[in-house]
Amino acid sequence: MLTRNCLSLLLWVLFDGGLLMPLHPQPQEILEAQPRENVVPVPGRRSSSQRVKRGWVWNQFFVLEEYMGSEPQYVGKLHSDLDKGVGTVKYTLSGDGAGTVFTIDETTGDIHAIRSLDREEKPFYTLRAQAVDVDTKKPLEPESEFIIKVQDINDNEPKFLDGPYVASVPEMSPVGAYVLQVKATDADDPTYGNSARVVYSILQGQPYFSIDPKTGVIRTALPNMDREVKEQYQVLIQAKDMGGQLGGLAGTTTVNITLTDVNDNPPRFPKSIFHLKVPETSHVGSAIGRIRAVDPDFGKNAEIEYNIVPGDGGNLFDITTDEYTQEGVIKLKKPLDFETKKAYTFKVEASNLHLDHRFHSVGPFKDTATVKINVLDMDEPPVFSKPMYTMEVYEDTPVGTIIGAVTAQDLDAGSSSVR
């Protein structure tokens, strides 16, 4: 007899003297009812035992989800030991889904599912069964509770609930540098089969990045990835259930990865000599020209400091950095005089403010260029030979008498006569 249940599962143990005693079995979660044997000591005997059959043990049935058959899906059978097969016992069912999801044949105890079930919607149903005398309508046994579990099938693909992802990693990172961990969720039963066992792979983004198939951790796969060459990467990640085997369901997501800047490039002047023309009348402190070194890095890694290299020719000038354009602004420290000196030559050094020790081996993170300044002659007024003249003249000196002279000179190139 298959699947005798807990309605009234009795283990009758025969003791000396012909006394019968009921022993209720303990329910266990099993897929199918399994017969068990139990060794029970018999009173009055020191070491002998009697081996008797124990009733069928059960408290759980299984039903396949998403069943699409034309007939109701068979779940299992309830049976009472008091049912002798003569139609005197009636089986009833109550609890979760009784009458709407599950039906029972009152005579045979056969249980069927009358509609398709979704484990992700409801994984199990708790029901109660009872055996009733057909004539008296009274219960033959206490009501018994059991569970019908919905058996999972692989009907859900993995989903990346947090995608698409955005991540960043410093340029020039070594192979294996951590980028991001992605996670896919599969609504199937993780405790049954491989329906929810997800394996990760990269569909687009190799050979630059790799992913751990079990953990979903993305790492760099190439050394010396240069932001100045390529800054943005779009990586397509796939999660496949059934352990990645053929027939598994898959979901995808994108990971947008940006290489962040490091100071791996020194500043460089685009040319070795800068020529400037400066009027001799320029005011002290005024900006007389701009030069610029180019640094392909970004942000603070591209900040440049300019300095005039000590030596001849640069003591009349100063240089500062324009924080917005990173240009070197040359300013006048002392007045210029074309007639005294017509040209100046000096060197300017450009260097990074924020150095990265990892790239010291590349070389010095600075560069130099030569600045040549030509002073432009301007049309200046004549200049008297002395700032003040003192002359004496006698009274009553006749008109037209020469009493002294003043002199002035035009210092400009190609000067004209002074009047």
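**Which residues do ring pairs link into a cluster?** Ring pairs join Tyr208, Phe209 and Tyr233 (rings of Phe, Tyr and Trp, the last by its six-membered ring, pair if their centres lie within 6.5 Å) into a cluster. This is a predicted model, where local features need pLDDT of at least 70, side-chain atom pairs count only at pLDDT 80 or more, and totals for chains, interfaces and linings use all residues. Residues are numbered from 1 along each chain as its sequence is written, and side-chain values use heavy atoms, leaving out hydrogens and water.

**View 1. Meet the pair Tyr208 and Tyr233**. Their ring centres are 4.9 Å apart and their planes stand at 55°, so the pair is tilted (planes under 30 degrees apart count as stacked, over 60 as edge-to-face, the rest as tilted). Tyr208 is partly exposed at 31% relative accessibility, whereas Tyr233 is buried at 9% (buried means under 20% relative accessible area, exposed over 50%, partly exposed in between, with a 1.4 Å probe and protein chains only).

**View 2. Lys230 lies over the face of Tyr233**. The distance to the ring centre is 5.0 Å; a charge sits over a ring if NZ of Lys or CZ of Arg is within 6 Å of the ring centre and within 35 degrees of the ring normal.

**View 3. Now look at Phe317 and Tyr344**. With centres 5.5 Å apart and planes at 80°, this pair is edge-to-face. Phe317 is buried at 2% relative accessible area, and Tyr344 is buried at 8% relative accessibility.
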